[in-house]
Amino acid sequence: MRLHDVSKGASSDDTPVLTEQQLKDIQRVSLMMLDDINEICQKYGLRLYIIGGTAIGALRHKGFIPWDDDIDIAMTRKDYLKLAEAMRAEHSDKYTVSDARDKENYGRLIPKVRLKNTTYRTVLEKDLDDCGVRIDIFLIENTYDSKLLRTLHGGMCMFFGFALSCRRLWMHYDEFSKLSGGLSFKVKSLFGMFCSFASIERWAKWTDWWYSCCKKENSVYVTLPSDGKHFFGELEKRKKLLRGRKVDYEGRELFVPGNTDHYLRKHYGDYMKIPPKDKQLRSKYLEFDLGVYGTGNNAYYL
């Protein structure tokens with residue numbers, strides 16, 4: 001549940017919004033994907049945490065938020081790299097795994113596991129080649145115990161993350177200009193133009209390098225710099241965040257961060273309060289085809 005303003009709800013244009021059946025189909029398929037990922041995690045001793053709207057769904061609804069169409073998880077970078085290797089080795093026929101290290105058209109900081117032979121292209125993914133149904137994986141990064149080094153690390157992460165955002169905005173200037181034309185947009189567009197000496201994939205690699213440059217696996221602090229509050233807003237003590245606790249999610253026992261209440265209130269305020277109907281928005285999409293995983297005579301049922 002990110003960037004609702006451009007990917008959720010009714011649109012002033014002709015971009016369709018997910019139907020009730022399409023939403024249920026995506027939720028069903030996403031659970032199948034989550035089970036496969038979690039099976040790999042358990043096999044290799046890795047840990048995933050459900051975060052964001054997925055964590056809210058677990059605590060408030062014991063599963064999906066009824067109008068939500070995706071699953072967000074977080075992992076330490078060390079565990080993610082092992083997961084990515086295992087998924088590519090053992091499930092290459094079923095899934096693709098994309099992250100900032102990829103050479104092909106991607107240019108994102110949040111790794112995604114996608115289901116092959118499906119298409120779910122949202123407004124935010126118009127430029128991507130691979131647009132199968134996805135699960136996002138937010139990376140938990142180490143950072144330095146020294147306040148000076150931690151501040152330097154955070155400053156560089158913030159700069160490169162901002163530059164990447166501006167570079168993407170410049171690349172899609174015509175589309176984003178229809179959504180926002182204020183001073184902030186113009187300043188970011190101008191900066192994005194100066195950043196266009198390098199491709200968006202190159203900026204993503206540079207940013208990812210800074211995110212991951214601290215290799216200390218027992219650092220006091222960790223952060224999720226690709227999440228909504230960026231490096232400093234996502235800074236947490238390792239022991240509090242990673243200790244985790246199990247919750248029920250669609251009949252599955254999954255971990256949420258150990259400081260879940262603090263984490264969710266920081267992002268969403270009173271997250272246990274169900275928003276009014278006009279805020280319960282489904283996603284818009286450009287293309288939708290679940291293939292054999294969809295409903296119908298050849299549907300794949302869990």
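This is a short walk through the strands, helices, salt bridges, cysteines and surface of the structure above.

Hi everyone, thanks for coming. Before we start, a word on what you are looking at: this is a predicted model, in which local features need pLDDT of at least 70, side-chain atom pairs count only at pLDDT 80 or more, and totals for chains, interfaces and linings use all residues. Residues are numbered from 1 along each chain as its sequence is written, and side-chain values use heavy atoms, with hydrogens and water left out.

Let's begin with the strands. When I say helix or strand, I mean a DSSP run, numbered from the N terminus: H or I with at least four residues for a helix, E with at least two for a strand. Please find strand β4, residues 112-115. Which strands pair with β4? Two strands count as paired if DSSP finds at least two bridges between them. Strand β3, residues 95-98, pairs with β4 in the antiparallel sense over 4 bridges, and strand β6, residues 134-142, is an antiparallel partner of β4 over 3 bridges. If you want to click on particular residues, T96 has R114 as its bridge partner in β4, while V113 stands opposite I135 in β6.

Now for the two faces. In a regular strand the side chains alternate between the two faces of the sheet. In β4, K112 and R114 are on one side, V113 and L115 are on the other, and all four are buried. Buried here means under 20% relative accessible area, exposed means over 50%, and partly exposed is in between, using a 1.4 Å probe and protein chains only.

Those charged residues bring us to salt bridges. Side chains of opposite charge can pair when their charged atoms come close. The rule used here asks for a side-chain nitrogen of Lys or Arg within 4 Å of a carboxyl oxygen of Asp or Glu, and by that rule there are 19 salt bridges.

Let me show you three. E141 and R77 meet at 2.6 Å, N to O. This pair links distant parts of the chain, with E141 in strand β6 and R77 in helix α4 (residues 77-90), 64 residues apart. E141 counts as buried at 3% relative accessibility, and R77 is buried too, at 12%.

Next, D99 and R101 form a salt bridge, with their closest N and O atoms 2.8 Å apart. Here D99 is buried at 4% relative accessibility, but R101 is partly exposed at 41%.

The third pair is K266 with E236, where the closest N and O atoms are 2.7 Å apart. K266 lies in helix α11 (residues 260-268) and E236 in strand β8 (residues 236-237), so this salt bridge ties together parts that are 30 residues apart in sequence. K266 is partly exposed, with a relative accessible area of 22%, and E236 is buried at 9%. Back at β4, salt bridges with shared partners join K112 and R114 to D70, E125, R134 and D136 in one network.

On to the helices. How far does helix α2 reach from its first C-alpha to its last? This helix, residues 20-44, has 25 residues and reaches 36 Å, close to the 36 Å expected. The expected span is 1.5 Å times one less than the number of residues. After α2 comes G45, with a positive phi near 70°. Helix α5, residues 147-171, also has 25 residues, and its end C-alpha atoms are 36 Å apart, in agreement with the expected 36 Å. Its buried residues include H153, C157, F160 and L164.

A quick stop at the cysteines. A disulfide is a covalent bond between the sulfur atoms of two cysteines. With a disulfide taken as a pair of cysteine sulfur atoms within 2.5 Å, the structure holds 0 of them. C214 is in no disulfide, and the nearest cysteine sulfur, that of C213, is 6.6 Å away. C214 counts as buried at 4% relative accessibility, and C41 is buried with a relative accessible area of 1%.

Let's finish on the outside. K62 sits in the loop between α3 (52-61) and β2 (72-76). Why does K62 count as exposed? Because its relative accessible area is 54%. K62 and A74 are 12 residues apart in sequence and 18 Å apart in space, C-alpha to C-alpha.

F194, in helix α7, is exposed as well, at 55% relative accessibility. Thanks, everyone!
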